[in-house]
2 protein chains.
Amino acid sequence: MNKGFVVTPWEVSGDIDYSRLAKEFGTTPISDTLLKKIEKHSGKLHYMLSRKIFFSHRDLDILLSEYEKGTKFALYTGRGPSGDTHLGHLIPWIFTKWLQDVFDAPLYFQITDDEKYLCKRDLDLSQTTAMGYENALDIIALGFDPEKTHIIVDTDYSKTLYKIALQVAKKTTASSAKAVFGFTNETNIGMYFWPAMQAAPCFLPSILSGQKIRTLIPAAIDQDPYWRIARDVAPKLGYPKTSAIHCSFLPPLTGMSGKMSTSEGMQSTIFISDDEKTVRKKIMKYAFSGGKETVEEHRKKGGNPDIDIPYQWLRYFEEDEKKLRKIYDDYSSGKLLSGEIKQILADKISKFLAEHRKKRESARKNISKFILKD
Amino acid sequence: MNKGFVVTPWEVSGDIDYSRLAKEFGTTPISDTLLKKIEKHSGKLHYMLSRKIFFSHRDLDILLSEYEKGTKFALYTGRGPSGDTHLGHLIPWIFTKWLQDVFDAPLYFQITDDEKYLCKRDLDLSQTTAMGYENALDIIALGFDPEKTHIIVDTDYSKTLYKIALQVAKKTTASSAKAVFGFTNETNIGMYFWPAMQAAPCFLPSILSGQKIRTLIPAAIDQDPYWRIARDVAPKLGYPKTSAIHCSFLPPLTGMSGKMSTSEGMQSTIFISDDEKTVRKKIMKYAFSGGKETVEEHRKKGGNPDIDIPYQWLRYFEEDEKKLRKIYDDYSSGKLLSGEIKQILADKISKFLAEHRKKRESARKNISKFILKD
């Protein structure tokens with residue numbers, strides 16, 4: 001059945017109907033009641049919650065109830081290091097940092113150099129490991145607390161992870177790995193095992209502390225299937241089921257369909273390493289516009305922010321609710337032209353990236369404080 | 001087609017026709033020319049070679065030619081720790097020790113606590129690891145050189161092994177693992193990956209030394225399929241193909257069919273831990289006899305050493321060629337009675353085990369000299 005979109009861990013395309021997707025995945029939309037519960041602890045909601053960029057969850061209600069009774073939880077998210085990070089990658093990480101601050105939660109950040117080596121024909125393990133350490137700088141640059149943030153580059157922590165993964169693997173048949181991940185008989189045996197390595201950090205906080213500590217995974221919704229196996233085996237191994245909170249995809253620069261992805265091509269993606277000139281050029285040239293054909297028509301009828309990529313991206317990056325509202329109104333009314341809203345986005349992103357790169361470079365000297373090795 | 005026997009890594013049964021088996025597996029019988037080549041280095045052949053207990057190989061000729069040109073090789077063998085070691089386990093290890101002495105070769109001995117955990121429903125990882133360290137004592141007790149012998153308990157060296165296994169896994173499809181190991185869709189994903197962990201020590205000597213070092217695997221013939229994957233991927237990864245030398249199975253105490261195995265039951269197996277009384281009782285009571293029904297008939301017609309388990313076991317444990325020959329002749333002629341040949345075996349095994357257990361206990365204090373950890 002063609003439903004107009006595809007969302008799997010290995011493909012995202014089409015115009016995604018997120019409420020339908022949540023239903024299909026069996027995840028729960030984040031209700032206003034749940035938002036209020038979060039607000040009680042955070043004081044103010046993060047804009048990614050109030051704007052429903054994070055829109056769905058699994059067992060977040062359970063995790064919060066436990067938290068309110070004094071049970072700590074840990075955060076877990078990750079990155080597959082196959083190249084430079086781009087703006088899309090940062091969305092869940094920025095939100096994760098907020099969660100760490102609000103809930104005083106340790107974060108386990110898994111960098112999957114093993115998986116990227118296994119699934120990318122042309123990459124050596126030394127390359128994916130090196131990329132992993134480069135990507136780690138982007139994580140640290142976001143301001144995570146070095147006391148509470150543990151970055152795992154898989155191959156450098158594999159002694160610990162492998163032992164945990166064995167427990168998960170023993171309880172997971174090839175059948176279920178095939179069903180969840182779309183493996184075939186031609187898939188390599190490393191990929192078959194790898195879901196167990198990815199599940200391992202779900203249980204790591206419990207193992208390291210000797211207490212039952214639930215993990216909360218903030219990630220884009222397409223990553224959800226990866227943790228189904230972890231959730232399935234958790235009760236069998238005596239660990240709490242992992243909770244999750246899911247975000248929608250930062251759309252590609254070129255339009256609302258699909259998600260920003262390196263494989264979508266250079267013009268749809270802004271990389272962390274893109275300099276100001278490149279950023280401005282990409283936005284001015286490629287950003288899909290919801291504006292009208294002519295300035296006259298635009299002034300008269302106004303633009304459509306719901307399909308306008310500069311506006312949509314500002315939803316992801318402009319923290320100030322009032323500013324964003326004004327941009328929405330002015331763009332809808334025709335007061336703000338397409339070139340102008342692009343300029344606003346280009347300014348915002350350029351400034352953000354310039355600061356990020358500065359923090360990224362100063363992170364180099366601190367990296368060892370974050371890396372978990374065995 | 002029923003050929004009267006089955007030999008796979010997970011089943012050995014029936015009356016094994018070893019030359020037919022070698023043909024089916026595609027291994028090469030050890031020729032007299034090859035024996036002469038070995039003899040040139042060893043001075044005297046080990047009785048397991050002259051008696052064709054080790055009877056087949058892969059690329060042993062290539063390995064020896066390289067050795068003669070000055071290229072060193074390494075030995076690799078292993079043990080799956082799911083319980084106590086028995087006499088059958090010791091056969092390839094005794095021979096491996098001789099190879100180490102003759103060729104001054106380092107030995108990598110893999111104890112697969114991970115695999116046994118994955119495939120044995122009722123065993124915890126902590127149990128298989130503990131069994132692994134107990135089994136290590138039996139290896140050390142055989143007199144291996146601590147300077148040249150590296151015992152690997154998988155989970156305690158998994159950081160190094162995992163990185164190598166990733167290389168093997170990337171080149172191995174689920175299809176080929178299924179074909180070689182008989183996996184199904186219901187097999188757990190740990191088992192799917194595990195052939196890559198088992199292949200890793202084949203390449204470890206090359207990786208640790210930075211030179212191309214071929215490994216030679218002495219093992220019972222049923223283990224041969226385990227290294228087909230290692231041999232397949234070796235050239236793709238730029239390592240020399242692993243050589244192998246295969247032995248026949250120490251038959252169960254109860255008869256010539258199949259191999260000694262813990263799962264065959266207590267009366268068919270003599271464990272290292274069996275005390276003298278138990279050994280004597282098992283041999284006297286259960287050892288299948290090639291003797292005649294009555295003493296009179298035996299004296300007249302003689303016994304059949306070819307199906308007599310005490311004689312067959314003496315082939316595996318009595319180093320002295322002359323003694324063995326005399327036993328053969330006396331038993332065939334009827335001079336030696338069934339009870340007497342059993343007594344000879346019981347004396348031999350009891351003495352061997354008493355000494356072995358003494359060495360085993362004194363190995364406890366030296367174990368750390370042998371264990372490779374990362």
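**Stop 1: the sheet of chain A**

Select the strands of chain A in this predicted model. Seven of them make an open sheet, ordered β3-β4-β9-β8-β5-β6-β7, and the pairing is mixed. Now colour residues 28-29 and 149-153 of chain A: these are β3 and β7, the edge strands. Each has a single partner strand, so one side of each has no neighbour in the sheet.

Next, pick residues 73-79 and 107-111 of chain A, which are β5 and β6. Five bridges hold this pair together, in the parallel sense. For a landmark, label A:L75 and look across to A:L107 in β6(A), which stands opposite.

**Stop 2: two helices on that sheet**

Keep the sheet on screen and add residues 125-140 of chain A. This is helix α7, which packs on the sheet and touches β5, β6 and β7 of chain A. Its direction makes about 160° with that of β7(A).

Then add residues 189-209 of chain A, helix α10. This helix also packs on the sheet, with β5, β6, β7 and β8 (214-220) of chain A as the strands it touches. If you fit axes, expect about 150° between the direction of α10 and that of β6(A).

**Stop 3: a buried glutamine**

Where does A:Q167 sit? Select residues 158-170 of chain A, and you will find A:Q167 within helix α8. Is A:Q167 buried or exposed? It has 24 C-beta neighbours inside 10 Å, so A:Q167 counts as buried; the cut-off for that class is 20 or more. Now draw a distance from A:Q167 to A:A200: their C-alpha atoms are 8.8 Å apart, although 33 residues separate the two along the chain.

**Stop 4: chain A as a whole**

Zoom out and show chain A as a cartoon. You should see 17 helices and nine strands. The C-alpha atoms fill a box of roughly 65 × 50 × 50 Å along the principal axes. How does the radius of gyration of chain A fit a compact globule? For 374 residues such a globule would come near 21 Å, and chain A has 21 Å, so the two agree.

Colour by burial next, and 48% of the 374 residues of chain A will count as buried. A contact map is worth opening too: of the contacts in chain A between residues at least 6 apart in sequence, 74% join residues at least 24 apart.

Switch to confidence colouring before you move on. Chain A has a mean pLDDT of 95, with 99% of its residues at 70 or more. For the model, ipTM is 0.93 and pTM is 0.94.

**Stop 5: where the chains touch**

Show both chains and select the contact between them. Chain A contributes 29 residues and chain B contributes 28. On the chain B side, highlight α6 (113-119), α8 (158-170), α9 (174-181) and α10 (189-209), each of which supplies at least two of the residues that touch chain A. Which helix gives the largest share of that side? Choose α8(B), with seven residues.

**Stop 6: the sheet of chain B, from its edge**

Hide chain A and select the strands of chain B. Here an open sheet of seven strands runs β3-β4-β9-β8-β5-β6-β7, with mixed pairing. β3 (28-29) and β7 (149-153) of chain B stand at the edges.

Zoom in on β7(B) and add residues 107-111 of chain B, strand β6, which pairs with β7(B) in the parallel sense over five bridges. Two pairs are good to label: B:L107 opposite B:T149, and B:F109 with its bridge partner B:I151.

Although β7(B) is an edge strand, five of its five residues are buried, so the strand is largely enclosed by the rest of the structure. Colour B:T149, B:I151 and B:V153 for one face and B:H150 and B:I152 for the other; both faces are covered.

**Stop 7: strand β9 of chain B**

Finish on residues 243-247 of chain B, strand β9, where five of five residues are buried. B:S243, B:I245 and B:C247 lie on one side, with B:A244 and B:H246 on the other.

Add residues 54-58 of chain B to see β4, joined antiparallel to β9(B) by four bridges; B:F54 stands opposite B:C247. Then add residues 214-220 of chain B, strand β8, which runs parallel to β9(B) over five bridges. Label B:I217 and B:A244 as an opposite pair there. Last, trace the chain from β8(B) through helix α11 (residues 228-237) to β9(B): this β-α-β crossover is right-handed.

Technical notes. Residues are numbered from 1 along each chain as its sequence is written. Chains are lettered from A and ligands numbered from 1 in the order in which they are written. This is a predicted model: local features need pLDDT of at least 70, side-chain atom pairs count only at pLDDT 80 or more; totals for chains, interfaces and linings use all residues. pLDDT is the predictor's confidence in each residue, from 0 to 100. Two strands pair if DSSP finds at least two bridges between them. Two residues are in contact if their C-beta atoms, placed from the backbone, lie within 7 Å. Axes are lines fitted to C-alpha atoms, for helices over the stretch in contact, and angles run from 0 to 180 degrees between N-to-C directions. A residue is buried if 20 or more other C-beta atoms lie within 10 Å of its own, exposed if 12 or fewer, and partly exposed in between; C-beta atoms are placed from the backbone. A crossover is right-handed if, with the strands pointing away from the viewer, the path from the first strand over the helix to the second runs clockwise. The radius of gyration is taken over C-alpha atoms; the globule rule is 2.2 Å times the number of residues to the power 0.38.
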